[in-house]
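Student: Hey, got a minute? I'd like to go through this model with you before I head back to the bench.
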Amino acid sequence: MAARPMPYLDDLNPAQREAVERLDGPVLMLAGAGTGKTKALTSRIVHLLMTGRARPNEILSVTFTNKAAREMKTRVGRLLGQQIEGMPWLGTFHSICVKLLRRHAELVGLKSNFTILDTDDQIRLLKQLINAAGIDEKRWPARQLAGLIDHWKNRAWVPSKVPSAEAGAYNHRGTELYAQYQTRLRELNACDFGDLLLHMVTIFQEHPDVLEQYQRWFRYILVDEYQDTNVAQYLWLRLLAGGHKNICCVGDDDQSIYGWRGAEVGNILRFEKDFPGAHVVRLEQNYRSTEHILAAAGGVIRGNEGRLGKELWTDAKGGEKVRLIGHWDGEEEARWIGDEIEALQKGSRGIEAQSLDDMAILVRASHQMRAFEDRFLTIGLNYRVIGGPRFYERMEIRDAMAYFRLVVSPEDDLAFERIVNTPKRGLGDKAQQLIQATAREFGVTLIEGARIAVDEGRIKGKGGGQLRQLCEGLARWREQMLGPVVHASDIIDDAGDEVIDDEAPFVVGETRRGPPEMSHMELAEVILDESGYTGMWQNDKTPEAPGRLENLKELVKALEQFENLQGFLEHVSLIMDNESDEAGEKVSIMTLHAAKGLEFPVVFLPGWEDGLFPSQRSMDESGQKGLEEERRLAYVGITRAERLCTISFAGNRRVFGQWQSALPSRFIDELPEEHVDVLTPPGLYGGGYGAAAQYGQSGLESRASEANVYNSPGWKRLQARSGQRGMSQPKESRNTVIDLQAVSAFETGQRVFHQKFGYGTIRAIEGDKLEVDFEKAGSKKVVASYVHAEDD
Ligand code: ATP
Ligand code: MG
């Protein structure tokens, strides 16, 4: 073979080079974060191509996300110095299996044009089967069955292979329904997500000729993030590699974070048994992070038992210590991080100016994103949410807001269309068309149209009954929002006589309202409960459901900063208006799970509180096992950072309008002191308390929750450690409400201009919100940062 230059090998250390050059036989690269596993894997692909061992379409290369696959293709292209004309088999397990299954669909009773069901279709199908089996779907929800079937498919169990130990699941009918479901899918020429792998494993097991064909075709197999493969994926790989055994897997047992989805870290440990003579490469030099960051991550992960145990080192000595800071509450945390990001952009904090693209906020739970999004929108900091929609674009948030919109303005027909059959009320397309037709016929809103359609018996039966309930609910919630009607005769004095108010006498036909009996937060909860919307997600057994419920709680929390529902809805429509997809630098916000494999110079890790991180569920349900997975997640988080890593927690979080004090995460205790800088929380004095006051917290409440937080063992430990530098006891003075008007650039009576509403005069100022009497648009509450003084 003609010697060709191989500059890509020069960038590798000896251990990486070994993993790249040892092309034949099984190779397992087992190494900690940032040691260049993915880099070595990419170089290996290049090496296979450059040495002529394989053509691009003979390499099977599995990554964890489509994003990672795209990135790897780009990197291979760059190393090769040319565009590769396609690596059709570089992708995720699912994307590769779809292609294979289309070729061999007939072997499992499907046609090659089979459809892939989404979750909704899947649930609908299961419901039909459950009803047909005479099972009460309310007690045994379809979503629960869907979760169970998914769990079995992840373990590569076809219905006949589900072990008897599991047969008791779903009221002893699970496996029977699973079998019926698979039959029905075949009749529909369809499969679900889990089938993609399961069918391929079945095909390979039952048709050795097909398997052999692919064993020959895929001359080399490479797998990234191997620690997160589930049993079905593992079997699939083992079958494919069974001939030549040219398989190279890279992974890190300390980064296994998908156990809840059926991933088995044990697969790594089995590798050497399944592939005797496997060559194991260990990498220990970390090229990503500074010494302090690495030591902090190492300190945390050391708490896990049963690790393979790897020590990492780095040449990047010195640098900034990991920063730790406690805040008053979650809003204050978001405010502080926003300020820090702006400071880092300008080049302070000991490192040169950073681009927004180089900074990331990694959260444990997606509901944490809301506070950051709100804050960044307010201060005009560009951000992107990776791996999911922005908070106010999420399905459950839009649904809930549609209910609120309808209560505030019953003529909002779009909102009505959105929620009329969410949750399911037995109102199909036909019923919905009838409502539309009735509304048109009478020239009324859809709500009115619906009411008439029910009254006149146009929509009958169960659907009709539920529709009536919805209309009554909407009317009732609106009344509750407006407050009780006050009649002239209601105004009586102590002696029981009617009081005539001379200054504002009642006129005939006038309706006056007294103060509402519940706050708008309480009302929001009532609406979501009574409409059945919260219940819909409570009964939902998919893995996403708990997160959606958390987001709904977070939505109610966001309401507290506003005087009423209307003010809140306006705020959201304003910030949605200001959204832009324009290119340019952006801070990334994502979950820790979505951050796997990525790296950023600057990383913020907020919300390190027991119950949030580690999550309450992990602590309750699976004991030590759950806690260890959370700890790995902490390790993944810290090791994403290259230069600066900041961990934070809040002393108080609001849950459904209640202050709850939180303890700093137990993982904080595990951070090695000498690598951590405890910062002074500015929020503890002035700003933070001002914020709390602004959000309507009473002094009494705040003192009560302070007492809890500052007496908590976690806080005391932290205080002892920080040597009184940062975490001091709050002073009495903190309970002085700051005059927020003084800090505002505006004053009442001032004439201002707003992009959307035009000119107006400020009537009142509350924190960063202004109540403005607009000359054309009437009185509105707007965010101060969208308003200019008239002469600006
Ligand atoms: P993770 O476990 O987080 O997925 P990883 O082991 O896959 O990490 P990579 O992402 O491949 O690590 O590499 C981490 C960083 O170190 C990258 O920026 C990469 O370019 C750099 N790097 C890797 N190997 C070397 C090397 N030999 N010399 C210089 N830089 C390297
Ligand atoms: Mg990697």
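Tutor: Sure, let's take it topic by topic, bearing in mind that this is a predicted model.

Student: Start broad. How many helices and strands does the chain have?
Tutor: The secondary structure comes to 31 helices and 23 strands. The chain has 792 residues, and 43% of them count as buried. As for contacts with a separation of 6 or more, residues 24 or more positions apart account for 75% of them.

Student: OK, on to the ligand. Which residues are the closest to ligand 1?
Tutor: Those are Gly 36, Lys 37, Thr 38, Lys 39 and Tyr 287, out of 19 residues that surround ligand 1. By type, the shell divides into four nonpolar, nine polar and six charged residues.

Student: Which helix gives the largest share of that shell?
Tutor: Helix H3, residues 37–50, with three residues.

Student: And why does ligand 1 lie between two domains?
Tutor: Domain 1 (7–99 + 199–285) and domain 3 (322–388 + 588–735) both give residues to the shell, so the ligand lies between them.

Student: Switching topic: what about the largest nonpolar core? Which members touch the most others?
Tutor: Tyr 403 and Ile 638 do, in a core of 106 residues. Helix H16, residues 395–408, supplies the largest share of this core, eight residues. Domain 3 (322–388 + 588–735) and domain 4 (395–494 + 510–545) each contribute at least three residues to it. Apart from this core lies another one, of 77 residues, including Ala 19, Trp 89, Leu 101 and Leu 110.

Student: Back to Tyr 403. What is it in contact with, leaving aside neighbours within four places in sequence?
Tutor: Tyr 403 is in contact with Ile 419, Ile 527, Leu 528, Ser 531 and Tyr 533.

Student: Is H16 largely enclosed or largely open, and why?
Tutor: Largely enclosed by the rest of the structure, because 11 of its 14 residues are buried. Charged side chains are on that list too: the buried residues of H16 include Glu 396, Asp 399 and Arg 405, along with Tyr 403 and Phe 404. H16 reaches 20 Å from its first C-alpha to its last, close to the 20 Å expected at 1.5 Å a residue.

Student: I was also looking at Leu 633. Where does it lie, and is it buried or exposed?
Tutor: Leu 633 lies in helix H26, residues 623–638. It counts as buried because it has 24 C-beta neighbours inside 10 Å, and the cut-off is 20 or more. Beyond its neighbours within four places in sequence, Leu 633 is in contact with Ile 257 and Leu 592. Leu 633 and Phe 613 are 20 residues apart in sequence, with 9.3 Å between their C-alpha atoms.

Student: Now the backbone oddities. Where are the cis peptide bonds?
Tutor: One joins Phe 613 and Pro 614, with omega about 5°. Pro 614 is in the loop between strand S15 (600–605) and helix H25 (616–620). Another joins Thr 422 and Pro 423, with omega about 0°, and Pro 423 lies in the loop between helix H17 (413–419) and helix H18 (429–442).

Student: Which residues other than glycine have a positive phi?
Tutor: Asn 171 is one, at about 55°, and His 172 is another, near 65°. Most residues other than glycine have a negative phi. Asn 171 sits in the loop between helix H7 (142–154) and helix H8 (174–187), and His 172 lies in the loop between H7 and H8 as well.

Student: Are those two buried or exposed?
Tutor: Asn 171 counts as exposed, with 12 C-beta neighbours inside 10 Å. His 172 is exposed too, with 9 other C-beta atoms within 10 Å.

Technical notes
Residues numbered from 1 in each chain as written. Chains lettered and ligands numbered in written order. Predicted model: local features only at pLDDT ≥ 70, side-chain atom pairs only at ≥ 80, totals over all residues. Near = placed C-beta within 6 Å. Helix = DSSP H or I, 4+ residues; strand = E, 2+ residues; numbered from the N terminus. Domains from an automatic or database assignment. Core = buried A, V, L, I, M, F, W, Y, C linked by C-beta atoms within 7 Å. Contact = placed C-beta atoms within 7 Å. Expected span 1.5 Å × (residues − 1).
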